[in-house]
Amino acid sequence: MSTQTGNDVQFIRICDIKDVSAEKGKSFRIGKLFLAVFHSDGKFFATSDICTHEHELLSEGWLEGTHMEYLPRVDKYPPLPPSGEACGFHAPDDPVGWLVGPTVECPRHGATFDLRTGEAKTLPASEPIEVFAIEIKGSDVMVGIPVQYLDTAGSH
Ligand code: FES
């Protein structure tokens, strides 16, 4: 997780909460940073907008809210042996599930990233994206921008 706090970060008003539609992302350029703000399941997240695979804009991607996913039951695929024995993977009636999301899916090759931690969850991306602290003050979306992105001295 790449969130920074304290003197290394400057909280900046990025937009109004109405500027980022539900289940969408929006792109912003703040100093040298390509920033994405996402609105998923009523919560806001701020990350780098650049996919770590081949640099696609993640703000153009698809969001998936928090939900459970389950393995298909192994008694349906593949069928259990006639003896009714478990397949060795798990018993037929085991509920095997895990919590997924919130994630963004890159629109180019489909890598997914956890919006809370930046972790790459799906290939072809393996490196995390940077995530930033975010606060909602009234209707203002405030993001903690690391000062190195704001320092334009020496840039062209
Ligand atoms: S550019 Fe994002 S998955 Fe390839």
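Here are four short exercises with worked solutions on this predicted model.

**Exercise 1. Work out which elements the chain contains and in what order they run.**

Solution. Start with the inventory: the chain has 12 strands and 1 helix. Next, walk along from the N terminus: the strands follow one another, and the helix comes at the end of the series. Then look at burial, where 24% of the 156 residues count as buried. Finally, turn to contacts with a separation of 6 or more: 60% of them join residues 24 or more positions apart.

**Exercise 2. Describe how β2 and β3 pair, and find the residue with a positive phi in their hairpin.**

Solution. Begin by locating the two strands: β2 covers residues 24-30 and β3 covers residues 33-40. Their pairing is antiparallel and runs over 7 bridges. To check the register, pick G25, which faces F38 in β3. Now move to the turn: 2 residues lie between the strands, and G31 has a positive phi near 60°. As a reminder, strands of a sheet pair through backbone hydrogen bonds, in either a parallel or an antiparallel way.

**Exercise 3. Lay out the open sheet of 3 strands and say which strands form its edges.**

Solution. First write down the order, which is β1-β12-β11, with antiparallel pairing. The edge strands pair on one side only, and they are β1 (9-16) and β11 (134-137). From one strand to the next, the twist averages 30°. Now zoom in on β1 and β12, an antiparallel pair held over 7 bridges. For a single example, take V9: its bridge partner in β12 is P146.

**Exercise 4. Identify the residues that touch the most other members of the largest nonpolar core, then trace the contacts of V143.**

Solution. The largest nonpolar core has 24 residues, and those touching the most other members are V37, F38, A46, L58, F113 and V143. Sort the contributors by element: β3, β4 (43-48), β10 (131-132) and β12 (140-146) each give two or more residues to this core. Of these, β3 gives the most, with 4 residues. Such a grouping can be set beside a general trend: in soluble globular proteins, nonpolar side chains tend to be buried together.

Now follow V143 itself. Leave out residues up to four places away in sequence, and V143 touches F11, I12, I14, L35, A46, F132 and I134. One of these partners, A46, also appears among the residues that touch the most other core members. Two threads of the exercises meet in β12: β12 takes part in the open sheet of 3 strands, and β12 also gives two or more residues to the core.

Notes. Residues numbered from 1 in each chain as written. Predicted model: local features only at pLDDT ≥ 70, side-chain atom pairs only at ≥ 80, totals over all residues. Buried ≥ 20, exposed ≤ 12 C-beta atoms within 10 Å, placed from the backbone. Contact = placed C-beta atoms within 7 Å. Pairing = 2+ DSSP bridges. Core = buried A, V, L, I, M, F, W, Y, C linked by C-beta atoms within 7 Å. Axes fitted to C-alpha atoms, helices over the stretch in contact; angles between N-to-C directions.
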